[in-house]
Amino acid sequence: MSDHVYKKLELVGSSETSIEDAIQNAVNRCGQTIKDMRWFEVVETRGHLEDGKVQHYQVTIKVGFTIAESR
């Protein structure tokens, strides 16, 4: 078994529905171009208010993915 090396990317996901959807949106979009994602951590949460109501949720996450081994 080899040792793993990871790289971290910082992303900001958003959603009109929930914090969970904002996370999933960021992970889904990242997964379209980044392979071997292994974990995420929530760094920051915030939102946009209009007329005293939540309009958008924003979540900053760091996503870790495995660096491929050279052959």
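## Notebook: salt bridges, sheet and core

I searched the whole structure for salt bridges and got three. Note to self: this is a predicted model.

**Entry 1: the charged pairs**

I started with lysine 8, which forms a salt bridge with glutamate 41; their closest N and O atoms sit 4.0 Å apart. I checked where the two residues belong: lysine 8 is in strand E1 and glutamate 41 in strand E2, so the pair links distant parts of the chain, 33 residues apart. The cut-off for a salt bridge is 4 Å, and I wrote that down next to the 4.0 Å of this pair.

Are these two buried or exposed? I get 45% relative accessible area for lysine 8, which counts as partly exposed. Glutamate 41 is also partly exposed, at 35%.

Next I pulled up glutamate 44 and arginine 46, whose side chains meet in a salt bridge at 2.5 Å, N to O. Glutamate 44 comes out partly exposed at 39% relative accessibility, and arginine 46 is partly exposed at 34%.

The remaining pair I looked up is aspartate 36 with arginine 38, where the closest N and O atoms are 3.8 Å apart. Aspartate 36 has 40% relative accessibility, so I logged it as partly exposed. A general reminder for this page: side chains of opposite charge can pair when their charged atoms come close.

**Entry 2: threonine 66**

Arginine 38 turned up again, this time in a polar contact: its side chain meets the side chain of threonine 66 at 3.1 Å. I placed threonine 66 in strand E3. Why does threonine 66 count as buried? Its relative accessibility is 12%, and the cut-off for buried is under 20%.

I then listed what threonine 66 touches, skipping residues up to four places away in sequence: His4, Val5, Tyr6, Asp36 and Arg38. Both members of the Asp36 and Arg38 salt bridge are therefore on the contact list of threonine 66.

**Entry 3: the sheet**

I traced the strands next. They make an open sheet of three, in the order E1-E3-E2, with antiparallel pairing. E1 and E2 are the edge strands, each pairing on one side only. Direction ignored, neighbouring strands are turned by 15° against each other on average.

How many bridges join E1 to E3? I found ten, between residues 6-15 and residues 53-66. In this pairing, leucine 9 stands opposite valine 63 of E3. On the other side, E2 (residues 37-50) pairs with E3 over twelve bridges. I noted two partners here: tryptophan 39 stands opposite glycine 64 in E3, and histidine 48 has histidine 56 of E3 as its bridge partner.

I also looked at the turn between E2 and E3. The hairpin has two residues between the strands, and aspartate 51 takes a positive phi near 50° there.

**Entry 4: helix and core**

Helix H1 lies across E1, E2 and E3, and I get about 130° for its run relative to E1. Which residues make up the largest nonpolar core? There are six: Ala22, Ile23, Ala26, Val59, Ile61 and Val63. Helix H1 (19-31) and E3 are the elements that give two or more residues to this core. As general background, nonpolar side chains tend to be buried together in soluble globular proteins.

I followed isoleucine 23 out of the core list. Leaving aside neighbours within four places in sequence, isoleucine 23 is in contact with Phe40, Val42, Val59 and Ile61. Two of those names, Val59 and Ile61, are also core members.

**Entry 5: glycine 13**

Last stop was glycine 13, in strand E1. Its relative accessibility is 4%, so I put it down as buried. With neighbours within four places left out, the contacts of glycine 13 are Ala22, Ala26, Tyr57, Gln58 and Val59. Ala22, Ala26 and Val59 appear in the core as well.

How far apart are glycine 13 and threonine 66, in sequence and in space? I get 53 residues along the chain and 21 Å in space, C-alpha to C-alpha.

Note on methods. Residues are numbered from 1 along each chain as its sequence is written. This is a predicted model: local features need pLDDT of at least 70, side-chain atom pairs count only at pLDDT 80 or more; totals for chains, interfaces and linings use all residues. Side-chain values use heavy atoms; hydrogens and water are left out. Two strands pair if DSSP finds at least two bridges between them. Helices (H or I, at least four residues) and strands (E, at least two) are DSSP runs, numbered from the N terminus. A nonpolar core is a set of buried Ala, Val, Leu, Ile, Met, Phe, Trp, Tyr and Cys residues joined through side-chain atoms within 4.5 Å. Buried means under 20% relative accessible area, exposed over 50%, partly exposed in between (1.4 Å probe, protein chains only). Contact means heavy atoms within 4.5 Å. A polar contact is a pair of N or O atoms within 3.5 Å; within protein, one must be able to donate a hydrogen and the other to accept it, and residues adjacent in sequence count only if both atoms are side-chain atoms. Axes are lines fitted to C-alpha atoms, for helices over the stretch in contact, and angles run from 0 to 180 degrees between N-to-C directions.
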